[in-house]
Amino acid sequence: MARFILLGPPGAGKGTQSVMIAEQYNIPHISTGDILRANVKAETPLGVLAKGYMDRGELVPDSLIMDLVKDRLAEPDCEKGFLFDGFPRTVPQAEALDAILADAGIELDAVIDIRVDEDELLKRMTGRRVCRQCGAPYHIVNMPPKKEGVCDLCGGEVYQRADDTEETVKNRFKVYNEQTLPLTDYYARTGKLVPIESAGGPKDVFEAIIRELEA
Ligand code: ADP
Ligand code: ZN
């Protein structure tokens, strides 16, 4: 059984690591950000409520998140375990999760905490671009399209997502430092925190995580 939480600042590569960890342990990867974005796209009642917060880089209210998480945890694939990515984001969310797990008579195995330098993150994130038509990812420094502003794959417009602009990214860091960073102490007290210094590429970070989890 593997029940994990993945913590880390915006842009730390949590999404990439989550996919690999979930595959390694054969557990569902639960990203509250992905679930919210799917709801925004489908214009569900939750999506309509969440969109404004997300575009401003603010957190969606805890009550909405907890409803979503409770529903997701009730699905049968979570019997095998789970990996939360982007959840919990606040101490009240962590406390609410503890109550849900205690009710179900289960416990977390580890809280993986990826650490990365903030200046490095800002550079990574504000350089991010995406094709409006096919969704192909680009980066103005690391992976620019051949012709500026035009997708190599489909000729579509390459643009910057509203939540990747410098202003919004700075706000996401502020929100992270104020509301999410205290979770590091919260979980350190449970003895389940597994700190990982992000060094090297995604594969190096993944190997460091597995090494620590298996230690
Ligand atoms: P990031 O790109 O910073 O890793 P996510 O993809 O996890 O962010 O989430 C994108 C946005 O969705 C957040 O900025 C926030 O508005 C909202 N969100 C996602 N998860 C949560 C959560 N657990 N609590 C509150 N808001 C959330
Ligand atoms: Zn394209």
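**Exercise 1. Describe how ligand 1 is held by polar side-chain atoms, and how much of its surface the protein covers.**

Solution. Begin with Gln93, which has a polar side-chain atom 2.9 Å from a nitrogen atom of ligand 1. Keep in mind throughout that the model is predicted, so that every distance belongs to a predicted structure. Next, turn to Thr32, where an N or O atom of the side chain is 2.8 Å from a nitrogen atom of ligand 1. Then look at Arg172, whose side chain places a polar atom 2.7 Å from an oxygen atom of the ligand. As a last step, consider the surface: ligand 1 taken alone exposes 550 Å², and the protein buries 92% of that.

**Exercise 2. Which residues surround ligand 1, and how are they divided by class?**

Solution. There are 16 residues around ligand 1, and those that come nearest are Thr32, Arg37, Glu58, Gln93 and Arg172. Sorting the shell by class gives 7 nonpolar, 4 polar and 5 charged residues. If we then ask which element supplies the largest share, we arrive at helix H2, spanning residues 32-41, which contributes 4 residues to the shell.

**Exercise 3. Decide whether Thr168 and Asn171 are buried or partly exposed, and find their partners.**

Solution. First, locate the two residues: Thr168 sits in helix H7, which covers residues 166-180, and Asn171 is also placed in helix H7. Second, apply the cut-off to Thr168: its relative accessible area is 10%, and because buried means under 20%, Thr168 counts as buried. Asn171, by contrast, has a relative accessibility of 24% and therefore counts as partly exposed.

Third, list the contacts, leaving aside residues up to four places away in sequence. Thr168 touches Asp55, Arg56, Gly57, Ala162 and Asp163, while Asn171 is in contact with Arg56, Gly57 and Glu58. Finally, examine the polar contacts: the side chain of Thr168 makes one with the side chain of Thr165 at 3.0 Å, and the side chain of Asn171 reaches the backbone oxygen of Arg56 at 2.8 Å. For a view along the chain, note that Asn171 and Gly11 are 160 residues apart in sequence, with their C-alpha atoms 13 Å apart in space.

**Exercise 4. How many disulfides does the whole structure hold, and are Cys78 and Cys131 buried or exposed?**

Solution. A search of the whole structure finds 0 disulfides. For the cysteines, compare each value with the cut-off of 20%: Cys78 has a relative accessible area of 8% and is therefore buried, and Cys131, with 3%, is buried too.

Definitions and conventions. Residues numbered from 1 in each chain as written. Chains lettered and ligands numbered in written order. Predicted model: local features only at pLDDT ≥ 70, side-chain atom pairs only at ≥ 80, totals over all residues. Heavy atoms only, no water. Near = heavy atom within 4 Å. Polar contact = N/O pair within 3.5 Å; in protein donor to acceptor, adjacent residues only side chain to side chain. Areas by Shrake-Rupley, 256 points an atom, 1.4 Å probe, with all protein chains shown as cover. Nonpolar A, V, L, I, M, F, W, Y, C, P; charged D, E, K, R; others polar. Disulfide = S-S within 2.5 Å. Buried < 20%, exposed > 50% of the residue type's maximum accessible area, 1.4 Å probe, protein only. Contact = heavy atoms within 4.5 Å.
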